[in-house]
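Here are my notes after going through this one. Have the viewer open while you read, and shout if anything looks off.

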Amino acid sequence: MGPDILFAVGLIAGLLFLLVMGLEIGWSIGIVSLVGLVFFIEQPINQIAYTSWNALNSFTLTAMPLFILMGSVLGNTGVNEKLFNAIDKWVGHLPGGLAVSVIFGNAVFGAMSGSTIAATATFGKIAFPVMESRKYNPSFSLGTIASGTVLAPLIPPSILLILYGAWQGLSIVDLLAAGLIPGLMLTALFLLTITVIVKINPDLVPVPVKYSWGERKKAVLEALPFVAVILGVLGSIFGGIMTPTEAAGLGAFLSIILTLFYRKLTFRIFSDSLMDTVRITSFSLFIMAMSTLISHVFNSAGLIPLLKDYVLDLYIGKYTILLGFFIMYFIMGMFFDSWSMLFLTFPFVMPIVMGLGINPIWWGVVYVMAAEQSTITPPFGLTLFVLKGVVPQYSLSTIVKGALPFLIPIYINIILLILFPQLATWLPGMLGN
Amino acid sequence: MRVFTQVLERIITLISGGLQGIVICLLMGLILVEVTSRYLLQTPLSVAEEYGGYMLVAITYIGLAYTWKHRTHVRVTFLIDKFPLRIRLGIRVITLCLALVFSGYMCVAAWELVQESFLFGDRSGSWLRTPLAWPQMTLIIGAAMLFLQLSLEVIQAITRFILVEEEV
């Protein structure tokens, strides 16, 4: 082992040590990059600022805070609740009742927030109290809520896919389109799972409530303007009318106007939404900037090409390497969220993926699935812990027991994506970007 | 000392938090103006593409201190949570000091970048020909605010550590 490789191993070990010691992820990566910059590749420290400037000065990335603002305004003003109620009135009578509404709600909410953590917290707060009061089995209810949130980063506009695309220089429109069919497929698979579970054990749910047509129409009319904003934003992106950033700006603006019109938006809610946006943008993009820096250090030292050649020269096949990545994300998902995993691993993973000739658009969708499943996989999945924080009266094992059956449709979806990559690549091809 | 700390925290909240919230509103406004000029007036201004990027740098970097203050930066705590309180606080003092030193380097790095941009007269490639040193100053402001915030955090962490030591 040459001194360069020893030094690289030392840097990686240092990074893991800092992470385990509880130093914030962005700073852990930054400090290790600084050591590498000064002692390894001997470049001036102004590279920290230079890399940050180049990584962050991106018009494409500005879609991210604007989508977060749109989701925050709609979420903080209680529009989610309105949407959930409307969905429940239409689909709540199906086998599984409110569990079905949670899955549909996540599919729609995914289009508003695009973030798993936000979706978990929201549905934990909105749906669970209703399910609990109607005597749904707590484990089944919490398992549905935890697994349903996997839909948020798949169904457009996914903030995770925007981050990935802007960082790796890929078409955001293609990535967002690529997530749509797998997202809808997963929704269908989740619904099928609920039906099977309820058929096997009908005691898990009470008799579903059926609402009158009048109630349904009223609920739809209440939620319609907000759904129109979401569909308008997505339509303008996929229809090639606007860029994702322009659509995000317009979506955020329309959300503010609508919630103002319905007298839902107060100054307090607006300022809270803005501050949420500042915090999420700042924390995630700083990690991105630092990951770009560590990537620069390892690339300048020639280590990333070396790693790539080493892995490719193993001749173990594309799918074995992909399996290795899945196992890595499976383990990492116990400690990290999908955004952090993206930034921590992609400087090393992407060159290998590209070297294998894998379509980066397809890989983005597969990554989302692989990373998100790990966050609901026991014993340490992050989403499980977030939900436990929302419902502290229930044990983690109650949530885990409910979430386990939903891993099957997620794995089926991943296998289908691997067997039929067109599921992710067909729609972007049709859009002609 | 307490008054000084409170004033400093207030300044950080205002500039690193509140002001960046306003920048997000400006970003949204800029995009809307661009959309209007491009699609309705058929005369694109082509300003948003450049200034949107500068705003994003500002939100990210200047927002760091506020984000730190509100504990939004992700950290892994599964192992250190298992340690006794005294050791946990000791480790936190060390990791915060490391973060402080790094933010010091960030300040120096940003300063050098801006100096170079002034020296070589770097300008943007668009029709606006913006001197890059000015928007790059947001990196200095952000790193400096973070340095101040982390200085406060280090002082607070040391105080907590000493108090626990005295109790033991």
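1. Contacts first. In chain A, 79% of the contacts with a separation of 6 or more come from residues 24 or more positions apart. Keep in mind that this is a predicted model.

2. On secondary structure, chain A has 21 helices and 0 strands. Its radius of gyration is 22 Å, close to the 22 Å that the globule rule gives for 433 residues, so chain A is as compact as a globular protein of that length. For the extents, the C-alpha trace of chain A spans about 75 × 45 × 45 Å along its principal axes.

3. Surface and burial: 60% of the 433 residues of chain A count as buried. The accessible surface of the chain adds up to about 15900 Å², and carbon and sulfur atoms own 70% of that.

4. Now a helix pair. Two packed helices are described by the angle between their axes and the distance between the axes. For helix 11 (residues 213–238) and helix 12 (residues 244–261) of chain A, the axes come within 9 Å and cross at roughly 170°. That angle is over 145°, the cut-off for this label, which means helix 11 of chain A is roughly antiparallel to helix 12 of chain A.

5. Who touches whom in that pair? Helix 11 of chain A brings A:Pro225, A:Phe226, A:Val229, A:Val233, A:Ser236 and A:Ile237. Across from them, helix 12 of chain A offers A:Pro244, A:Ala247, A:Gly251, A:Leu254, A:Ser255, A:Leu258 and A:Thr259. Sorted by class, the contact of helix 11 with helix 12 of chain A has 9 nonpolar, 4 polar and no charged residues.

6. Have a look at A:Asn46 too. You'll find it in the loop between helix 2 (25–40) and helix 3 (47–56) of chain A. Is A:Asn46 buried or exposed? With a relative accessible area of 9%, A:Asn46 falls under the 20% cut-off, so it is buried. Leaving out residues up to four places away in sequence, A:Asn46 touches B:Ala109, B:Glu112, B:Leu113 and B:Glu116. As for A:Gly232, 186 residues from A:Asn46 along the chain, the two C-alpha atoms are separated by 43 Å.

7. Last residue on my list: A:Ser28, which sits in helix 2 of chain A. A:Ser28 is buried, and its relative accessible area is 0%. Which residues does A:Ser28 touch, not counting those up to four places away in sequence? They are A:Leu15, A:Leu18, A:Leu19 and A:Leu23.

Methods
Residues are numbered from 1 along each chain as its sequence is written. Chains are lettered from A and ligands numbered from 1 in the order in which they are written. This is a predicted model: local features need pLDDT of at least 70, side-chain atom pairs count only at pLDDT 80 or more; totals for chains, interfaces and linings use all residues. Side-chain values use heavy atoms; hydrogens and water are left out. Axes are lines fitted to C-alpha atoms, for helices over the stretch in contact, and angles run from 0 to 180 degrees between N-to-C directions. Helices (H or I, at least four residues) and strands (E, at least two) are DSSP runs, numbered from the N terminus. Angles under 35 degrees count as roughly parallel, over 145 as roughly antiparallel, 65 to 115 as roughly perpendicular and the rest as oblique. Contact means heavy atoms within 4.5 Å. Ala, Val, Leu, Ile, Met, Phe, Trp, Tyr, Cys and Pro count as nonpolar, Asp, Glu, Lys and Arg as charged, and the others, Gly among them, as polar. The radius of gyration is taken over C-alpha atoms; the globule rule is 2.2 Å times the number of residues to the power 0.38. Buried means under 20% relative accessible area, exposed over 50%, partly exposed in between (1.4 Å probe, protein chains only). Accessible areas come from the Shrake-Rupley method with a 1.4 Å probe; for residues, only the protein chains shown count as cover.
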